[in-house]
Amino acid sequence: MRLPPFPYQAMHIRPITSSDHTFILGLANRFTDFPLPPGRPRDVVEAGILRDLERHVEERPANSFFFILEEDDGTRAGFIHLLMMEDFFSGGRNCHVSDLAVAQGHEGRGHARRLLAFAEEFGREQRCERLTLAVFPGNERARKLYETAGWNYELLRMSRPL
């Protein structure tokens with residue numbers, strides 16, 4: 001898979017192996033280190049994310065793809081989890097960015113942008129018509145990244161604790 005060059009340090013993206021499971025699960029808290037919506041306790045959200053990641057890395061469903069981003073020295077710096085899904089409206093194939101995390105201490109080096117570019121290329125190779133993702137409103141850093149990378153809001157999911 002050829003990706004556009006980035007002016008950051010060299011990076012390599014590869015499929016996961018069983019030796020990557022601990023690294024991936026260790027980044028589960030990265031999905032909650034910002035203000036969460038009302039009624040979404042941090043421990044409950046983290047447990048749900050961890051449960052979903054564990055299921056996907058262990059069972060490896062046919063529509064689930066994990067990739068590790070390594071820096072040029074082989075250090076694992078992040079990962080992306082992509083899901084092939086059916087578009088609700090068109091019935092076509094979508095590539096959904098289910099999870100994207102960059103390890104603490106590796107932020108600001110273009111890793112998330114590189115993983116998003118990888119997802120776009122992967123989706124094209126899989127003949128997807130869209131690339132989708134969901135993001136918590138309080139995750140301002142991620143939202144800013146997505147918006148500056150050309151992502152647009154398509155649907156806003158709303159909830160209300162009962």
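Start with the whole chain in view: its radius of gyration is 16 Å, which agrees with the value near 15 Å for a compact globule of 162 residues. Keep in mind as you go that this is a predicted model. Turn the C-alpha trace along its principal axes and you will find that it spans about 50 × 35 × 35 Å.

Next, colour by secondary structure. Four helices and five strands should appear, and reading along the sequence gives the pattern β-α-α-β-β-β-α-β-α. If you switch on contacts between residues at least 6 apart in sequence, 63% of them join residues at least 24 apart. Then show the surface: the accessible area comes to about 10100 Å², and carbon and sulfur atoms account for 50% of it. Of the 162 residues, 41% are buried.

**Stop one: the aromatic rings**

Now select the aromatic side chains; the structure holds nine aromatic pairs. One of them is F67 with F122, an edge-to-face pair with 5.4 Å from centre to centre and 65 degrees between the planes. Where do these two rings sit along the chain? F67 belongs to strand β2 (residues 64–71) and F122 to helix α3 (residues 111–125), so the pair links distant parts of the chain, 55 residues apart. Both F67 and F122 are buried. Add F65 and F118 to your selection, and you have a cluster of four linked by ring pairs: F65, F67, F118 and F122.

**Stop two: V97**

Move on to strand β4 (residues 93–102) and pick V97. Is V97 buried or exposed? With a relative accessible area of 4%, V97 is buried. Display what surrounds it: beyond its neighbours within four places in sequence, V97 is in contact with I80, H81, L82, A119, L131, T132, L133 and W151. For a distance to try in the viewer, take the C-alpha atoms of V97 and P15: they are separated by 15 Å, with their positions 82 residues apart along the chain.

**Stop three: T132**

From V97, step across to its contact T132, which lies in strand β5 (residues 130–133). T132 has a relative accessible area of 17%, so it counts as buried, the cut-off being under 20%. Which side chain does the T132 side chain meet in a polar contact? The partner is H96, at 2.7 Å. To finish, show the other residues around T132: leaving aside neighbours within four places in sequence, its contacts are N94, C95, H96, V97 and W151. W151 is worth keeping on screen, as it is in contact with V97 and also with T132.

Notes:
Residues are numbered from 1 along each chain as its sequence is written. This is a predicted model: local features need pLDDT of at least 70, side-chain atom pairs count only at pLDDT 80 or more; totals for chains, interfaces and linings use all residues. Side-chain values use heavy atoms; hydrogens and water are left out. Rings of Phe, Tyr and Trp (its six-membered ring) pair if their centres lie within 6.5 Å; planes under 30 degrees apart count as stacked, over 60 as edge-to-face and the rest as tilted. Buried means under 20% relative accessible area, exposed over 50%, partly exposed in between (1.4 Å probe, protein chains only). A polar contact is a pair of N or O atoms within 3.5 Å; within protein, one must be able to donate a hydrogen and the other to accept it, and residues adjacent in sequence count only if both atoms are side-chain atoms. Contact means heavy atoms within 4.5 Å. The radius of gyration is taken over C-alpha atoms; the globule rule is 2.2 Å times the number of residues to the power 0.38. Accessible areas come from the Shrake-Rupley method with a 1.4 Å probe; for residues, only the protein chains shown count as cover.
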